[in-house]
Amino acid sequence: IGADAVGMSTVPEAIIARHAGMKVNGLSCITNFAAGLSNENLSHDDVKIVAQMVKTNFLKTLETYYLSLN
């Protein structure tokens, strides 16, 4: 279907939000390859480490977006 990445929760959450009448804008962080796409074992600790690494840039991105709305 042409997707470069598939989120486990992003799409269902967006569908439910739209159903509730909310405007939706998505921003995701890919923290690891899906099961079977690398030789590494999947670990929630690894996900948390990557999330901490990108936290500052994510917050800046959200702040910039929010400020552009006003």
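A polar contact is a pair of N or O atoms within 3.5 Å. The model used in these exercises is predicted.

**Exercise 1. The start of H2**

Find which residue caps the N-terminal end of H2.

Solution.
- Look for a side-chain oxygen of a residue that lies by the backbone nitrogen of Asp-45.
- Ser-43 supplies that oxygen, at 3.1 Å.
- The cut-off for a polar contact is 3.5 Å.
- Ser-43 is therefore the cap of H2, by a contact of 3.1 Å that falls within 3.5 Å.

**Exercise 2. Along H2**

Find where helix H2 bends, and by how much.

Solution.
- H2 covers residues 44–69.
- The bend sits at Lys-55 and is about 50°.
- Asn-70 lies in the segment after H2.
- From the C-alpha atom of His-44 to that of Asn-70 is 37 Å, with the two positions 26 residues apart along the chain.

**Exercise 3. Buried or exposed?**

Decide how Asn-70 and Ser-38 should be classed.

Solution.
- Take the cut-offs: buried is under 20% relative accessible area, exposed is over 50%, and partly exposed is in between.
- Asn-70 has 70% relative accessibility, so Asn-70 is exposed.
- Ser-38 has 29%, so Ser-38 is partly exposed.
- Ser-38 belongs to the loop between H1 and H2.
- The side chain of Ser-38 also makes a contact: the backbone nitrogen of Glu-40 is 3.3 Å away.

**Exercise 4. Helix H1 and what follows**

Work out how many of the residues of H1 are buried.

Solution.
- H1 runs over 10–19.
- Among its ten residues, one is buried.
- H1 is thus hardly covered, by the rule that buried means under 20%.
- After H1 comes Gly-21, with a positive phi near 85°.

**Exercise 5. The whole chain**

Judge how spread out the chain is against a compact globule.

Solution.
- Start with the elements: two helices and zero strands.
- The radius of gyration is 15 Å, while the globule rule gives 11 Å for 70 residues.
- The value is well over the rule, so the chain is more spread out than a compact globule.
- Add the box: the C-alpha atoms fill roughly 45 × 30 × 20 Å along the principal axes.
- Add the burial: buried residues are 1% of the 70.
- Add the surface: about 6,600 Å² is accessible, and carbon and sulfur atoms hold 59% of that.

**Exercise 6. Charges**

State how many positive and negative side chains the chain has, and how far apart the centres of the two sets lie.

Solution.
- Positive side chains number 5, and negative ones 6.
- The two centres are 13 Å apart.

Note on methods
Residues numbered from 1 in each chain as written. Predicted model: local features only at pLDDT ≥ 70, side-chain atom pairs only at ≥ 80, totals over all residues. Heavy atoms only, no water. Helix = DSSP H or I, 4+ residues; strand = E, 2+ residues; numbered from the N terminus. Rg over C-alpha atoms; globule rule 2.2 N^0.38 Å. Buried < 20%, exposed > 50% of the residue type's maximum accessible area, 1.4 Å probe, protein only. Areas by Shrake-Rupley, 256 points an atom, 1.4 Å probe, with all protein chains shown as cover. Lys, Arg positive; Asp, Glu negative; His and termini not counted. Charge placed at Lys NZ, Arg CZ, Asp CG, Glu CD. Bend = angle between axes of the 7 residues up to and from the residue. Polar contact = N/O pair within 3.5 Å; in protein donor to acceptor, adjacent residues only side chain to side chain.
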